[in-house]
Amino acid sequence: NKAFSAVENLKRECTTRTHLEAYAMVFQDILMRYPGAFEDLNLLICLVDNEPTRLAAATYGLAHGVPTIFSAVSRTSLNGYVFVQQNGGPCFRCISTDEPDAEPHRCADPTAVYIHEVAMGIASYATVALLMGWELQWNYYGLVLDSDSYAMNRPKRADCEMCAKAVA
């Protein structure tokens, strides 16, 4: 299970008192069955391979004022991104042009290892920056293995239905 593996790997890296929890459940199921499970959350990191869960995490982050980090890799494993959703900034729906897929995809190319390593390095930096209170100079980091990667500040979309719901 990815969740348990991640926690075990992170425990070895902790240098101070840190509470880590893993759930072998779908995020949406946790929210339904255990509504208070994430009450004291400081940061949400969404590293899943399906759009419905990303949207659920984005919605949760907006509704509860929790910064949320997203990372994804393309089906070709040649590109990906890290996006940081924070209060007042663009939400995940602002930057996502994909319609939600019901089925997760699997990266088939051997380059998947490399793009995931790069994505996790950038996501780890964003995590540390947010937890330490450092200002990020970007909210979107585009990863491209066969060209130049780039960091930028993606704007809010004026017609974004998710941000409009969160503000209303």
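**Exercise 1. Find the contacts of F4 beyond its sequence neighbours, and place the residue in the fold.**

Solution.
- Step 1. Leave out residues up to four places away in sequence; F4 then touches A22 and A24. Contact means heavy atoms within 4.5 Å.
- Step 2. F4 sits in helix α1, residues 2-11. Helices (H or I, at least four residues) and strands (E, at least two) are DSSP runs, numbered from the N terminus.
- Step 3. F4 is partly exposed, because its relative accessible area is 42%. The classes are buried under 20% relative accessible area, exposed over 50% and partly exposed in between, with a 1.4 Å probe and protein chains only.
- Step 4. The C-alpha atoms of F4 and L20 are 10.0 Å apart, and the two residues are 16 residues apart along the chain.

The model is predicted: local features need pLDDT of at least 70, side-chain atom pairs count only at pLDDT 80 or more, and totals for chains, interfaces and linings use all residues. Residues are numbered from 1 along each chain as its sequence is written, and side-chain values use heavy atoms, with hydrogens and water left out.

**Exercise 2. Outline the fold of the protein: count its helices and strands, then give their order.**

Solution.
- Step 1. There are 6 helices and 5 strands.
- Step 2. Read from the N terminus, the order is α-α-β-α-β-β-α-α-β-β-α.
- Step 3. Of the 168 residues, 36% are buried.
- Step 4. Take contacts between residues at least 6 apart in sequence: 56% of them join residues at least 24 apart.

**Exercise 3. Describe the largest nonpolar core and name the residues that touch the most other members.**

Solution.
- Step 1. Set the criterion. A nonpolar core is a set of buried Ala, Val, Leu, Ile, Met, Phe, Trp, Tyr and Cys residues joined through side-chain atoms within 4.5 Å.
- Step 2. The largest core has 23 residues; F27, F70, Y81, F83 and F92 touch the most other members.
- Step 3. Two or more residues come from each of α2 (27-33), β1 (44-46), α3 (51-64), β2 (68-73), β3 (79-85), α4 (92-95) and α6 (161-167). Helix α3 gives the most, with 5 residues.
- Step 4. Look at F83. Not counting residues up to four places away in sequence, F83 touches T68, I69, F70, P90, C91, F92, I95, N139 and Y140.
- Step 5. Another core of 15 residues lies apart from the largest one; its members include V73, I122, A123 and A129.

In soluble globular proteins, nonpolar side chains tend to be buried together.

**Exercise 4. Characterise the aromatic pair of F27 and F38.**

Solution.
- Step 1. Rings of Phe, Tyr and Trp (its six-membered ring) pair if their centres lie within 6.5 Å; planes under 30 degrees apart count as stacked, over 60 as edge-to-face and the rest as tilted.
- Step 2. The whole structure holds 8 aromatic pairs.
- Step 3. F27 and F38 are stacked, at 5.5 Å centre to centre with 25 degrees between the planes.
- Step 4. F27 is in helix α2 and F38 in the loop between α2 and β1, 11 residues apart.
- Step 5. Both F27 and F38 are buried. Together with Y60 they form one aromatic cluster.

**Exercise 5. Trace the polar contacts and the surroundings of Q85.**

Solution.
- Step 1. Q85 lies in strand β3. Q85 counts as buried because its relative accessibility is 2%.
- Step 2. A polar contact is a pair of N or O atoms within 3.5 Å; within protein, one must be able to donate a hydrogen and the other to accept it, and residues adjacent in sequence count only if both atoms are side-chain atoms.
- Step 3. A polar atom of the Q85 side chain lies 3.1 Å from the backbone oxygen of A58. The Q85 side chain also reaches the backbone nitrogen of F92, at 2.8 Å.
- Step 4. Leaving aside neighbours within four places in sequence, Q85 contacts A58, G61, L62, V66, P67, T68, F70, P90, C91 and F92.

**Exercise 6. Test C91 and C94 for a disulfide.**

Solution.
- Step 1. A disulfide is a pair of cysteine sulfur atoms within 2.5 Å. The whole structure has 0 disulfides.
- Step 2. For C91, the nearest cysteine sulfur is that of C163, 3.3 Å away. C91 counts as buried because its relative accessibility is 0%.
- Step 3. For C94, the nearest cysteine sulfur is that of C163, 3.6 Å away. C94 is buried, with a relative accessible area of 6%.
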